[in-house]
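Work through the exercises below with the sequence and the model side by side. Try each task before reading the solution that follows.

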Amino acid sequence: ISQPNTQLEQQHSRKPYAQHPRQHYWHNCTRHNCTQFVEETLCMQGFQLAEYGPLPLLVVQLDGMAKFPLLSLESSCIDFGSVVVGQTAESSVRFGNLSAVPANFSLAAAGGSGDGAITIQPTQGTLQPNSYSVLRVVYAPKATGTFSCDSFSLSTAGGNKLSLTCQGTAVGPRLLLSSRVFAFGDVRAGQVPAPSKVLYLENCSDVPLTFEFLVEDSGVFRLTKSKGVLAPRCMTHTA
């Protein structure tokens with residue numbers, strides 16, 4: 001039985017190669033939404049063992065590329081125009097992830113009137129690579145004559161930030177009168193029956209309309225119906 005050669009075993013237990021960083025650099029690829037890392041590595045063989053002989057050094061280039069998300073927004077402004085109080089107007093805007101990695105996005109208010117008349121959904125989520133989704137915007141005015149304008153920020157961690165502005169004006173329902181002037185001519189005092197004319201009122205809106213005529217109780221002019229609620233797209237009359 002031969003004794004083991006401890007020195008030879010130790011030599012063979014060592015790895016027949018080793019690598020050492022030689023040089024590296026970072027390269028930002030703005031156009032392709034990535035950051036590139038390049039490094040050259042020296043690979044030395046044999047550790048001068050006799051059985052390996054003199055071997056050359058090998059140079060291996062290590063090349064890696066890190067992608068980051070990039071969001072796009074179809075439009076940066078939504079204008080609802082004039083909307084009747086009591087109604088809601090809806091719109092949508094498409095946004096996408098133009099990168100090769102998933103984008104965790106979030107939507108937050110970035111200033112404006114802040115009256116709560118404009119809301120957007122969803123406010124957060126994950127958009128898969130090279131895919132699109134839709135932001136749904138709702139405008140629900142609360143007070144006649146007010147103008148709402150809010151800005152929102154759409155962003156993703158490690159990526160870009162986009163701005164979306166939404167605006168709208170609140171108006172009241174539209175009432176149409178059949179006439180604005182009534183001429184009774186000469187009327188004898190105490191005449192019976194008293195002369196009368198018919199006034200037609202039409203609600204030209206899609207929401208109920210509340211009306212009221214301000215008439216003096218002791219005045220010479222009276223109305224059979226001085227106030228009431230007119231249903232959407234309906235007509236009534238008074239005399």
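The exercises go from the whole chain to single residues, and the model they rest on is predicted.

**Exercise 1. The whole protein**

Task: Describe the secondary structure, the burial and the contacts of the protein as a whole.

Solution: Begin with the secondary structure, which consists of one helix and 17 strands. Turn next to burial, where 26% of the 239 residues in the protein are buried. The accessible surface amounts to about 16,200 Å², and carbon and sulfur atoms hold 53% of that area. Finally, among contacts with a separation of 6 or more, 62% are between residues 24 or more positions apart.

**Exercise 2. The largest pocket**

Task: Find the volume of the largest pocket, and say which residues of its lining are the closest to its centre.

Solution: The volume of the largest pocket is about 690 Å³. It is lined by 26 residues, of which Phe184, Pro195, Val220, Phe221 and Arg222 are the closest to the centre. Sorted by character, the lining has 15 nonpolar, seven polar and four charged residues.

**Exercise 3. A valine in a strand**

Task: Decide whether Val93 is buried or exposed, and list its contacts beyond its neighbours in sequence.

Solution: Locate Val93 in strand E6, which covers residues 89-97. Its relative accessible area is 1%, and because buried means under 20%, Val93 is buried. Leaving out neighbours within four places in sequence, Val93 is in contact with Leu73, Glu74, Ser75, Ile78, Ser133, Val134, Leu135 and Leu164. One of these partners, Ile78, is 15 residues away from Val93 in sequence, with 8.4 Å between the C-alpha atoms.

**Exercise 4. Two serines in loops**

Task: For Ser99 and Ser205, find the loop in which each lies and the backbone atom that lies by a polar side-chain atom of each.

Solution: Take Ser99 first, which is placed in the loop between E6 and strand E7 (103-112) and is buried at 2% relative accessibility. A polar atom of the Ser99 side chain lies 3.1 Å from the backbone oxygen of Val101. Beyond four places in sequence, Ser99 touches Phe68, Pro69, Leu70, Pro129 and Asn130.

Ser205 belongs to the loop between strand E14 (199-203) and strand E15 (209-212), and with 4% relative accessibility it counts as buried. Here the backbone nitrogen of Arg174 is 2.7 Å from a polar atom of the Ser205 side chain. The residues that Ser205 touches, again beyond four places in sequence, are Pro173, Arg174, Pro232 and Arg233.

**Exercise 5. Backbone angles**

Task: Work out which bonds before Pro122 and Pro193 are cis, and what phi values Asn130 and Arg233 have.

Solution: The peptide bond joining Gln121 and Pro122 is cis, with omega of about -5°, and Pro122 sits in the loop between strand E8 (118-121) and strand E9 (124-127). Another cis peptide bond, with omega also about -5°, joins Val192 and Pro193, and Pro193 is in the loop between strand E13 (175-177) and E14.

For phi, Asn130 has a positive value near 55° without being a glycine; this residue lies in the loop between E9 and E10 and is exposed at 56% relative accessibility. Arg233, likewise not a glycine, has a positive phi of about 55°; its loop runs between strand E16 (227-230) and strand E17 (235-238), and at 54% relative accessibility Arg233 is exposed.

Terms used
Residues are numbered from 1 along each chain as its sequence is written. This is a predicted model: local features need pLDDT of at least 70, side-chain atom pairs count only at pLDDT 80 or more; totals for chains, interfaces and linings use all residues. Side-chain values use heavy atoms; hydrogens and water are left out. Helices (H or I, at least four residues) and strands (E, at least two) are DSSP runs, numbered from the N terminus. Buried means under 20% relative accessible area, exposed over 50%, partly exposed in between (1.4 Å probe, protein chains only). A polar contact is a pair of N or O atoms within 3.5 Å; within protein, one must be able to donate a hydrogen and the other to accept it, and residues adjacent in sequence count only if both atoms are side-chain atoms. Contact means heavy atoms within 4.5 Å. On a 1 Å grid over the protein atoms alone, a cavity is a set of points where a 1.4 Å probe fits but cannot get out, and a pocket is an open set with protein on both sides within 12 Å along at least five of seven lines; lining residues have an atom within 4 Å of a point. Grid points are joined across faces, edges and corners, and a volume is the space filled by probe spheres set on the points. Ala, Val, Leu, Ile, Met, Phe, Trp, Tyr, Cys and Pro count as nonpolar, Asp, Glu, Lys and Arg as charged, and the others, Gly among them, as polar. Accessible areas come from the Shrake-Rupley method with a 1.4 Å probe; for residues, only the protein chains shown count as cover.
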